[in-house]
Amino acid sequence: MTAAPGCVDNLLQTLRAALEPHGLFLRGTVNFAPGEAAPQLNGGEPAASVVLIGNIGGSIWKPFTTWREGEPSRGGSDPLDNWSKRVICPVAEVVAATAYFPSDPPWQPFQQWAMRAEGLEPSPLGILIHPHYGLWHGYRGALGFDRALPQTGSVMAGHPCEICEAKPCISACPADALASGTFEVGRCRAHLKAEAAGGCLARGCLSRDACPVGWDYRYSPAQLSFHMAALSL
């Protein structure tokens, strides 16, 4: 099903207006061909498209922390996931869409969707690197629709890591977890477990911080500390 242009414009305007106060943005669209694997909508039929929703730099940090301060439980055991659902689910209802989240089964291929929607590729750290935002962005959810939709993000051409000769992310890793050319999760985790103070746990991943792409979008120390504290070591 394809919606009329005017209806689509109104839909996207509604989405952007509802998400902007929360620091969330439309980060790209994936349209599925007939017969292609696609997530199920609430009614059981396959989605015709998904629109990715995410943050750019630290855009969500103030709205998230303000919400969390007002919650008696401080947002529960998974506060960022809970906040994302509190924000995105009501928006899904308004536009008659199905909401998907990276933290919920059945696990959806968010990374594949992002690569397809925005043309991104993984960095040596495994995080998708954006030519403008670098490693400082993320995807908090997606909305599925029963119709094809136009592109809602910027499809990027080229991979920043291919033209980066110095590759400071590799040399900055104190655990040498990137030295082999593949991110060795075990070496990283062992280093973090042994780390008493300072370094990656206190300041965020030093390899991520060393990447020169998207420096202006770097997360604040408070946000970096929050994400590192949430790691399961």
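This is a short talk on how the helices, cores and loops of this structure fit together.

Good morning. One thing before we start: this is a predicted model. Keep that in mind throughout.

Let's begin with helix α2, residues 61–69. Which residues of this helix are buried? They are Trp61, Phe64, Thr65, Trp67 and Arg68. Now look down the axis. These buried residues cover an arc of only 160 degrees, which puts them on the same side of α2. Turn to the other side of α2. There, Lys62 and Glu69 are exposed. So what do the buried residues of α2 pack against? Two other helices: α3, residues 79–94, and α9, residues 221–229.

Stay in α2 for a moment and pick out Thr65. Is Thr65 buried or exposed? Its relative accessible area is 19%. The cut-off for buried is under 20%. Thr65 therefore counts as buried. Its side chain also has a polar partner. A polar atom of the Thr65 side chain lies 3.1 Å from the backbone oxygen of Lys62. Remember Lys62: that residue is exposed, on the other side of α2.

Next, the cores. The largest nonpolar core has 26 residues. Which of them have the most contacts inside this core? Leu15, Leu24, Trp83, Leu143 and Phe145. Several elements contribute. Helix α1 (5–19), strand β2 (49–56), α2, α3 and strand β6 (137–145) each supply at least two residues. Which element gives the most? That is α3, with six residues.

Take Leu15 as a guide to this core. Leave out residues up to four places away in sequence. Leu15 then touches Leu26, Val91, Val95, Leu143 and Phe145. Two of these names should sound familiar. Leu143 and Phe145 were on the list of residues with the most contacts inside the core.

Apart from this core lies another one, of 16 residues. Among them are Phe32, Ala47, Trp113 and Leu128.

Trp113 takes us to helix α4, residues 110–118. The buried residues here are Phe110, Trp113, Ala114, Ala117 and Glu118. How wide is their arc, seen down the axis? They fall within 100 degrees, so they line one face of the helix. That face has strands for partners. The buried residues of α4 pack against β1 (25–31), β2, β3 (98–100), β5 (128–129) and β6. Compare that with α2, where the buried residues pack against α3 and α9. Just after α4 comes Gly119, with a positive phi of about 70 degrees.

Now the loops. Start with Thr152, in the loop between β6 and α5 (168–171). Is this threonine buried or exposed? At 8% relative accessibility, Thr152 counts as buried. Its side chain makes a polar contact of 2.9 Å with the side chain of Thr29. What else is around it? Set aside neighbours within four places in sequence. Thr152 is then in contact with Leu12, Arg16, Leu26, Gly28, Thr29 and Val51. Leu26 is a residue we have met: Leu15 touches it too.

Second loop stop: Gly58, between β2 and α2. At 34% relative accessibility, Gly58 counts as partly exposed. Which residues does it contact, beyond four places in sequence? Tyr217, Tyr219 and Gln223. Gln223 falls inside the 221–229 range of α9.

Third stop: the loop between β3 and α4, where Pro106 sits. A cis peptide bond joins Pro105 and Pro106. Omega there is about -5 degrees.

Last, two residues with a shared backbone feature. Ala96 has a positive phi of about 55 degrees, although it is not a glycine. Asp176 also has a positive phi of about 55 degrees, and is not a glycine. Where are they? Ala96 lies in the loop between α3 and β3. Asp176 lies in the loop between α5 and α6 (185–194). How open are they? Ala96 is exposed, with a relative accessible area of 63%. Asp176 counts as partly exposed, at 43%.

To recap, α2 keeps its buried residues on the same side. Helix α4 lines one face with its own. And α3 gives the most to the core of 26 residues. Thank you.

Methods
Residues are numbered from 1 along each chain as its sequence is written. This is a predicted model: local features need pLDDT of at least 70, side-chain atom pairs count only at pLDDT 80 or more; totals for chains, interfaces and linings use all residues. Side-chain values use heavy atoms; hydrogens and water are left out. Buried means under 20% relative accessible area, exposed over 50%, partly exposed in between (1.4 Å probe, protein chains only). Helices (H or I, at least four residues) and strands (E, at least two) are DSSP runs, numbered from the N terminus. The arc is that of the directions from the helix axis to the C-beta atoms. Contact means heavy atoms within 4.5 Å. A nonpolar core is a set of buried Ala, Val, Leu, Ile, Met, Phe, Trp, Tyr and Cys residues joined through side-chain atoms within 4.5 Å. A polar contact is a pair of N or O atoms within 3.5 Å; within protein, one must be able to donate a hydrogen and the other to accept it, and residues adjacent in sequence count only if both atoms are side-chain atoms.
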